[in-house]
Amino acid sequence: MAYLMALDEGTTSCRTIIFDDKSRIVSVAQQEFGQHFPKPGWVEHDAAEIWSKQLETMHQVMKDADLSAEDIASIGITNQRETVVLWDRRTGVPVHNAIVWQDRRTAKMISRYDTPEHRKIVHERTGLLLDPYFCATKINWLLEHVSGLRADAEAGHIAFGTIDSWLLWNLTDGEVHCTDISNACRTLLYDLHRQCWDEELLELFEIPASILPEVKPTSCHFGSTASSILGSPVHIGGMIGDQQSALFGQACVEPGMAKTTYGTGCFLLLNTGDKAITSENNMLTTVAWQLEGGAPTYALEGSVFMGGASIQWLRDGLKIIDDAPGVNELAASVPSSEGVLLVPAFAGMGAPYWDPFARGAILGLTRGSTSAHIARATLEGIACQVCDLLHAMERDSGVALKELRVDGGAAASDLLMQIQSNLLDRHVLRPEVLETTALGAAFMAGLACGVYESLTDVSEHWNQDRRFESEMDAAKRAEHLDLWSRAVKRSRNWIKEDEHEA
Ligand code: ADP
């Protein structure tokens with residue numbers, strides 16, 4: 001029996017999962033790490049803590065599963081994307097806390113670069129938008145604010161990495177400074193089409209090339225762990241950003257296949273094959289993965305900020321449910337939301353609207369409305385946002401999707417999945433293994449070391465738990481989506497610019 005180890009490094013915790021060669025979970029260990037908020041809108045992590053917690057979970061799973069290094073065929077890493085770590089190559093010590101993807105401190109810095117021409121170059125070359133979410137301005141902020149750092153960087157002493165690179169550096173005891181293409185393409189510095197760091201963008205964002213990691217495919221030989229890590233060296237065969245990893249873990253390996261992760265937010269990715277489609281509808285274009293010796297596979301990506309988090313608001317804000325699963329019973333106690341709509345724009349709206357001035361709204365209330373209607377409207381609001389993403393992607397790609405694969409915490413809700421299928425008029429497929437993010441990284445590692453032989457092999461290891469089919473008639477669906485688009489219009493552009501905290 002061959003085992004694969006997935007390091008799943010998220011925004012709030014590090015996990016390690018061991019899978020067997022039939023993609024079954026053998027053992028899981030998890031450790032939370034600290035979240036630092038030095039100022040409003042700033043979010044930092046201690047990269048050294050992330051590494052030590054990740055290592056603890058690696059030791060824990062080995063102990064729990066009673067395995068030794070020789071039993072592990074390969075390691076795959078998947079990680080929170082866009083989070084920036086800079087460290088000193090001479091000591092391996094980070095020069096500052098990591099700046100997390102959620103951090104908005106460079107919102108003002110972005111305006112320095114914000115011209116129509118720069119927006120166009122960034123969008124065409126990187127597939128992204130000029131936004132503080134990505135790495136470039138975060139790196140530049142560190143170079144400007146940490147004393148002596150720019151000089152050290154120019155002298156070649158400083159390394160940049162997203163968390164995948166940082167973990168790899170530590171796993172190999174400073175031997176390897178690499179990233180993979182799915183992480184590189186989230187930096188705002190990588191040309192998707194030429195598949196290289198872009199000199200002009202580096203110059204624009206004032207970043208010395210000497211700090212950059214080498215970019216490799218998502219599945220290949222990245223190096224081996226230092227003997228001190230697990231007792232003897234283990235092959236490291238996969239590195240992939242978390243959302244792309246979930247797409248792969250869902251075995252969406254053919255163009256036209258898509259998955260949505262219903263976590264705190266919702267992330268929809270559509271495999272577009274060997275075509276990098278530049279979106280006309282505010283979606284991001286991203287590399288999904290690249291297997292060794294092959295061309296990159298691309299994806300369109302759309303995200304909304306409030307998915308499962310809207311359910312948490314029912315629990316913590318409105319206090320109409322005791323826990324997240326409680327939403328299902330309350331919402332199921334009424335046959336419909338009876339004209340009540342909830343637009344979960346609590347933190348503005350993400351794709352396809354990108355409206356930071358939108359705010360949440362509940363519309364259509366009558367004297368007969370109850371907490372049950374609001375609970376049901378919340379589930380419908382989550383599903384309608386995913387419909388908006390999917391319709392936008394279909395317009396961009398010209399592909400009509402047949403089915404949607406789903407994962408993440410809120411995909412456990414049968415009612416939400418049924419509503420999603422009703423409003424999309426597509427089959428919604430939920431897999432047996434909901435740990436798709438970790439599984440994607442394990443598949444990548446498995447392909448690199450021969451445990452899995454091909455994409456077909458990977459597809460055969462995806463197993464369905466349940467399929468939801470639409471039970472809604474077309475007229476009702478059209479009526480609901482029309483109400484939704486009217487509700488979205490009313491919630492948009494609500495607060496004034498000076499009320500908006502960048
Ligand atoms: P993340 O990885 O972003 O932290 P998860 O994938 O763990 O998120 O999903 C957590 C979300 O799922 C929470 O916001 C919660 O509201 C929602 N959730 C969890 N279980 C259920 C359930 N049974 N029904 C509906 N929503 C749920």
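A residue counts as buried here when its relative accessible area is under 20%. With that cut-off in hand, welcome to a set of close-up views of this structure, which is a predicted model.

**Figure 1. Helix H10, a helix with buried residues throughout.** Helix H10 covers residues 242–249, and eight of its eight residues are buried, so the helix is largely enclosed by the rest of the structure. Follow the chain through H10 and you will meet Asp 242, Gln 243, Gln 244 and Ser 245, then Ala 246, Leu 247, Phe 248 and Gly 249, each of them buried. Stay with the chain a little further: just after H10, Ala 251 adopts a positive phi of about 55°.

**Figure 2. The ligand and its shell of 13 residues.** Which residues come closest to the ligand? They are Thr 264, Gly 308, Asn 328, Gly 409 and Ala 410. If you sort the shell by class, you will find five nonpolar residues, eight polar ones and no charged ones. Helix H11 (residues 308–316) supplies the largest share of the shell, with four residues. Two domains take part: domain 2 (251–305 + 399–468) and domain 3 (308–388 + 473–493) each provide at least three residues.

**Figure 3. Polar atoms facing oxygen atoms of the ligand.** Begin with Thr 264, where an N or O atom of the side chain sits 2.7 Å from an oxygen atom of the ligand. At Gly 308 the backbone takes part instead, with an N or O atom 3.0 Å from a ligand oxygen. Gln 312 places a polar side-chain atom 3.3 Å from an oxygen atom of the ligand. On its own the ligand would expose 580 Å², and the protein buries 66% of that area.

**Figure 4. The largest nonpolar core, a set of 54 residues.** Good places to start looking are Tyr 262, Leu 379, Leu 404, Leu 416 and Met 417, the members that touch the most other members of the core. Helix H13 (residues 371–397) is the biggest contributor, giving 14 residues. Where does this core lie with respect to domain 2 and domain 3? Domain 2 (251–305 + 399–468) and domain 3 (308–388 + 473–493) both give residues to the core, so it lies between them. As background, nonpolar side chains tend to be buried together in soluble globular proteins.

**Figure 5. Ser 74 and two glycines, Gly 237 and Gly 446.** Ser 74 belongs to strand E5, residues 72–79, and counts as buried because its relative accessibility is 0%. Its side chain reaches the backbone nitrogen of Gly 237 at 3.1 Å. Now look for Gly 446, which is part of helix H15 (residues 436–449). Is Gly 446 buried or exposed? With a relative accessible area of 0%, Gly 446 is buried. Along the chain, Gly 446 and Ser 74 are 372 residues apart, yet their C-alpha atoms are separated by 6.6 Å.

**Figure 6. The loop between strands E19 and E20.** This loop links strand E19 (341–343) to strand E20 (361–363), and Gly 348 is found in it. Gly 348 has a relative accessible area of 4% and is buried. From the C-alpha atom of Gly 348 to that of His 59 the separation is 41 Å, with their positions 289 residues apart along the chain. Pro 352 is also in the loop between E19 and E20, and the peptide bond joining Ala 351 to Pro 352 is cis, with omega about -5°.

**Figure 7. Asp 66 and Leu 188, two residues with positive phi.** Most residues other than glycine have a negative phi. Asp 66 has a phi near 55° and lies in the loop between helix H1 (47–65) and E5. Leu 188 has a phi of about 80° and sits in the loop between helix H7 (181–184) and strand E10 (190–191). Which of the two is buried and which is exposed? Asp 66 is exposed, with a relative accessible area of 68%, whereas Leu 188 is buried at 0%.

**Figure 8. Val 85 in strand E6.** Strand E6 spans residues 85–88 and includes Val 85, which is buried with a relative accessible area of 0%. For a sense of distance, the C-alpha atoms of Val 85 and Ile 229 are 21 Å apart in space, and the two residues are 144 residues apart in sequence.

Conventions
Residues numbered from 1 in each chain as written. Predicted model: local features only at pLDDT ≥ 70, side-chain atom pairs only at ≥ 80, totals over all residues. Heavy atoms only, no water. Near = heavy atom within 4 Å. Polar contact = N/O pair within 3.5 Å; in protein donor to acceptor, adjacent residues only side chain to side chain. Areas by Shrake-Rupley, 256 points an atom, 1.4 Å probe, with all protein chains shown as cover. Helix = DSSP H or I, 4+ residues; strand = E, 2+ residues; numbered from the N terminus. Nonpolar A, V, L, I, M, F, W, Y, C, P; charged D, E, K, R; others polar. Domains from an automatic or database assignment. Core = buried A, V, L, I, M, F, W, Y, C linked by side-chain atoms within 4.5 Å. Buried < 20%, exposed > 50% of the residue type's maximum accessible area, 1.4 Å probe, protein only.
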